[in-house]
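User: I should like to go through this model and ask, for each term applied, what justifies its use. Please begin with the contact between the two chains.

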Amino acid sequence: MLRVALKGLLGHKSRFLLTTLAVVAGVTFVAGAFVLTDSIDQAFDDLLTTGYEQADLYVTAPEGFETSATEATFAAREAFDADVVDTISEVEGVAEVDGIVEGTAAFVAPDGDPIVPQAPTLAASWSDGVGGAWVSVRDGRPPEGRDEVMMDAATFQRFGFSLGAQVEVLVPDGVASYTLVGVTGFGDADNLLGATLATFDLSEARDLFGAQEAYTEVSVVGDGSIDPAALRDRVAAAVGGDVTVMTATDRVAADQADISEFTGLLSTVLLVFAGVAVFVGGFLVVNTFGIVVAQRSREFALLRAVGASRRQVLATVLVEALAVGLLASAIGIATGVGLAALLVAILDAMGIDLPTAGAVLAARTVIASFVVGTGVTLVAALAPARRASKVLPIEALRGSETADAAPLGRRTLVGAALAMVGGSSLLAGLAGATAQPIALVGFGAALSFVGVALLSPVIAGPASRLLGWLPARWSVAGKLARQNAGRDRRRTASTASALMIGLALVSAVTILTASVQGALSDSLTEQFRADLIIQADQMGTRDLPRGVAVQLADDPAIAGLSPIRFGQVEDAAEGDVVNVVGVEPRTIDDLLSMGVQEGSLDAVDQGALALQADVASDRGVDVGDDLIFRTSDGRELLLQVGATFASTEMLGSAYVVSLDTLAEIDPRSRGDVVLLANAAEDLGAARDAVDEALTIAPAASVSDQAEFRQQNEDQIGQALNLMIALLALAIIIALLGITNTLALAVLERTREIGLLRAVGMNRPQTRRMVLWEAVFVSVFGALLGVAVGTLFGWAIVQALGDEGITRMIVPVGQLTVYVVVAAIAGLIAAVLPAWKASRMNVLDAVTVE
Amino acid sequence: MSSAPVDLPDAAMTPAVRVTSAVKVYGEGPTAVRALDGIDLQVPRGSFLAIMGPSGSGKSTLLHCAAALDRLTSGSVEIDGTSLDGLSDRQLTRMRRERIGFVFQSYNLVPTLTAHENITLPLDLAGAKVDRERFDQIVDTLALRDRLTHRPAEMSGGQQQRVAAARALITRPTVVFADEPTGALDSRSGAELLGFLRDAARTVGQTVVMVTHDPVSASYADRLLFLADGRVVDELDGPTADAVLDRMKRFEGNDDAAGEGR
Ligand SMILES: Nc1ncnc2c1ncn2[C@@H]1O[C@H](COP(=O)(O)OP(=O)(O)O)[C@@H](O)[C@H]1O
Ligand SMILES: [Mg+2]
């Protein structure tokens, strides 16, 4: 029986080619996601280990609240008193103690633009002791005076700097000029995950980052008499609780955990899209095996007639599926490694130089790829295999036209049930009914897709009749195509369903994006009153130089000004960390309408808290009540609620205080992230004033209302484009499915096509017949997808009602474009089968047995 | 009929089909098969020609080449005075559409189309209008009126072959080729179909060329050719079933003279 199976496979090699390809594509993404993130993890592990292994202990200021991992990793730590160095050097067992100061600073490129990559711009003081051992001087020499600086090798090479030249550097207070004296590297890497690094002399760094007689990090080397953990305890006892002491191993582990959080997110995103691709690939498998089984039903009947059991026939088909799955998985792992390399190259081109440790192919990756690739293929082949096993021996004697007569009753019922269960899981997940809402949403969506796919044959007939109505009146090719599309409803439906999935997801995302855009636009219209908004940078990771706000506050062209700052504090009652926004209470309402309901912003100016009204009522507090907070350095403090306000969308937090209060409750609070300003009279003059103030902050940007609105829309649009690009894989696989189904159908209809050619169909007509069929299938799938996607979109928007997305916006134009694009893509997918059909030898066709 | 590739001045005098020194070789080298080995043949307008011969004698090959479904290795075929030599696929398609009709042994109809649609298919493909009167006449003659909305799967074999015949005739082709058209039919249905083809030849001057292995079928024709090893070995005018059987006995060497086709 095994021989029969493998012969069957080899005999129909070309039929399984595209199926294998579809599974390969899915496995590629699965393997690629793992290989990429494992490689990054491994490389960082190496990098961190070499970076930290020089010292045994690291002393830093205690960490603030652990909220955002990436921010925590790169944000400069607080400075602490330099005296600890003396204290530590007296501890028994300590051989060397050395401290550095870290901060942020960005270089200005030779063309005058600031160098602000999609990553932090780091700065540190140089030390030739153990504190500076994490960087190596690749070229030149370390800075020896306050006017000298070193630059990371990646920036140095990319922008063509030269040693000895003057470089401008954006420092917290503005722009300063330094002589470039050296180039730094980090082990093999030229930079740290795309971050730039400026290395200053210690006294300069202390000045720049406000760390007089202080360090942000101290490295300790033991004399080897005791192990690092014991030394840590000794040092910790000596320095007291104001600083944190960690062993190098713990430090590596802590940093590694931060990086793993980032790579974990990356791999989750990639795996979600891989999952969609694999899922769609499964449809292709169902279809191909279904068609091939139908075409070989005589062969199976013959096997049964000569004594094969049902199980044996079932096994024949499953063995074929197993072979396809194993092959596809093996290829997919290889291409996955390639994909990971490609992604690294893309990241590199974007300026993120990953330290290279080579591709890491973990056993887990290989196992997962095989399980996914083979599992999906086997599961998808199960139904066709069962159908093959049900072929009766007598059918060997009957000439069998592919029959579509079997009623759809049970299938439809199962489909409806699945769609309903899927839909409710989706809704429950969106409503956050479980601990794993995302998983439930995914499960619900997948189930709904299967349900709709099972239901779709019922509508495939009428749909192809409807879609084909005009083309059928128009030409015979159109008429025949229409009949062909309606001929095997299951086949048409499952081919279309594969496309449905991709389009449903794209449509749902499109509707979600449009609705978010709409909500944002609404809140901009209602709340945004400032004439100008000044943003430190697009990513929001750097602050504005302190001088900007100071200068603008005194400028007569500016009427009202409020910085926006962020800080964090722990809500003592609820135990969770909340974001607090600091504003200028006297001007904020003219810049950003807060919609004060009770109390007044004057109270906030006096040190009270403004609380968003819904949050206030949820917590049952009124104006005049006190709330207890705990700061990151462990102090408890009491804030009185001075006002309640309506809107949070623009501010991004329900807790608003004055700038002074923010500085008090969160000493680590960041500087000005955004400045809002109103023009005194002339907008042009105000803008000139801002431009002037921003000469010390070339990375910052200023926008008026219209520009800001556009920026937001562009950002959301970009996110949408990224999603569509990732979902394109699923759509391409679905298109492969169309190619595959039509190629098999053309093969199956050899005689019919020959007959048509014999009675006068010419080649262009033959081609058109196949092309039209593809258009019907793809448009049917696309319409189904848009319909399902609209339902999904509705469900998501409904669930986001609390987040301020109040109405669903269906961008009909854009969805129509998707359907048209799907039709064109379907045409392209059918080019090859159409060409094959038209090239078919008339005589072969007529004389085929 | 619109512009023919070549318009001969005296169309009435040209035979419907003229085959000259037809040679067809399949394959190359030592394994090559000479399926047609120099055949000359003329089918006058309005005549009904039958072709017989043992299995493998080249009947189907001859029919396919004459009907613009296949190309000769050498020699020429003219339909209506137009040589098929060197015609492009497009031109051959047009010949098939306008001047040639077919009835195959089986699988004559497009399964997704109704009888009506199958009959008018060549016209639809050509984008030509259906001549209502001719359609009605053919449909009534073949007794297909109440089957027009049926699909092939819903019709008997005899009905299907009659639909095929109707389709072959609807375009008023120069010649209708039929390859064992009754091969899959019971004798009564076969007789009906053959009678119809004969009547078409006699009453409206429809030229018909038919391959058969059945002496009774051959007796419907005006003339009968015997093929063996790719050559015409004998012919018979106004054949009767007995005369055919008689003649067949002469080809003792080919044991399965009346063999079961292919
Ligand atoms: N496509 C082909 N390739 C090779 N040989 C062929 C092909 N078609 C027919 N033949 C050979 O040509 C000869 C004539 O075949 P055919 O015309 O089908 O005979 P008939 O119809 O009289 O039985 C036979 O020997 C047959 O094997
Ligand atoms: Mg034959």
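Analyst: The model is a predicted one. Chain A and chain B bury about 2,300 Å² between them, with 63% of that area on carbon and sulfur atoms. Of the area that chain A buries against chain B, L755(A), V759(A) and L843(A) supply 25%, more than any other three residues.

User: How many residues of each chain are in contact across this interface?

Analyst: On chain A the number is 24, and these residues are in contact with 25 residues of chain B.

User: What makes the meeting of K479(A) and E117(B) a salt bridge?

Analyst: The term requires a side-chain nitrogen of Lys or Arg within 4 Å of a carboxyl oxygen of Asp or Glu. The side chains of K479(A) and E117(B) meet at 3.6 Å, N to O, and because the cut-off is 4 Å, the pair qualifies. The rule finds 3 salt bridges across the interface of chain A and chain B. In addition, the count of residue pairs in polar contact between the two chains is 6.

User: Which elements of chain A give two or more residues to the side that touches chain B?

Analyst: They are α15 (476-485), α24, α25 (763-799) and α28 (842-847) of chain A. The most comes from α24(A), with 6 residues. By character, the residues on this side of chain A divide into 11 nonpolar, 6 polar and 7 charged.

User: Why is helix α24 of chain A described as largely enclosed?

Analyst: The description rests on a count: 8 of the 9 residues of α24 (residues 750-758) of chain A are buried, so the helix is largely enclosed by the rest of the structure. The buried residues are T750(A), E752(A), I753(A), G754(A), L755(A), L756(A), R757(A) and A758(A). After α24(A) comes G760(A), whose phi is positive, near 115 degrees.

User: What share of chain A as a whole is buried?

Analyst: Buried residues make up 52% of the 849 residues in chain A. The secondary structure of chain A comes to 28 helices and 24 strands, and its C-alpha trace spans about 95 × 65 × 50 Å along the principal axes. Among contacts in chain A between residues at least 6 apart in sequence, 82% join residues at least 24 apart.

User: Turning to chain B, how do you know that R247(B) is buried?

Analyst: Its relative accessible area is 16%. Buried means under 20%, so the term applies. R247(B) is found in helix α8 (residues 241-250) of chain B.

User: What makes the pairing of R247(B) with D234(B) a polar contact?

Analyst: The side chains of R247(B) and D234(B) meet at 2.9 Å; the cut-off for such a pair of N or O atoms is 3.5 Å, so the distance satisfies the term. Leaving aside neighbours within four places in sequence, R247(B) is in contact with F226(B), D234(B), E235(B) and L236(B).

User: Which residues come nearest to ligand 1?

Analyst: Of the 12 residues around ligand 1, those that come nearest are G56(B), G58(B), K59(B), S60(B) and T61(B).

User: How do you know that T61(B) makes a polar contact with ligand 1?

Analyst: An N or O atom in the side chain of T61(B) is 2.5 Å from an oxygen atom of ligand 1. Because the limit is 3.5 Å, the pair counts as a polar contact. Backbone atoms take part as well: a backbone N or O atom of G56(B) lies 2.8 Å from an oxygen atom of ligand 1, and a polar backbone atom of G58(B) is 3.1 Å from an oxygen atom of the ligand.

Technical notes
Residues numbered from 1 in each chain as written. Chains lettered and ligands numbered in written order. Predicted model: local features only at pLDDT ≥ 70, side-chain atom pairs only at ≥ 80, totals over all residues. Heavy atoms only, no water. Buried < 20%, exposed > 50% of the residue type's maximum accessible area, 1.4 Å probe, protein only. Helix = DSSP H or I, 4+ residues; strand = E, 2+ residues; numbered from the N terminus. Contact = heavy atoms within 4.5 Å. Buried area = accessible area lost by both parts, 1.4 Å probe. Polar contact = N/O pair within 3.5 Å; in protein donor to acceptor, adjacent residues only side chain to side chain. Nonpolar A, V, L, I, M, F, W, Y, C, P; charged D, E, K, R; others polar. Near = heavy atom within 4 Å.
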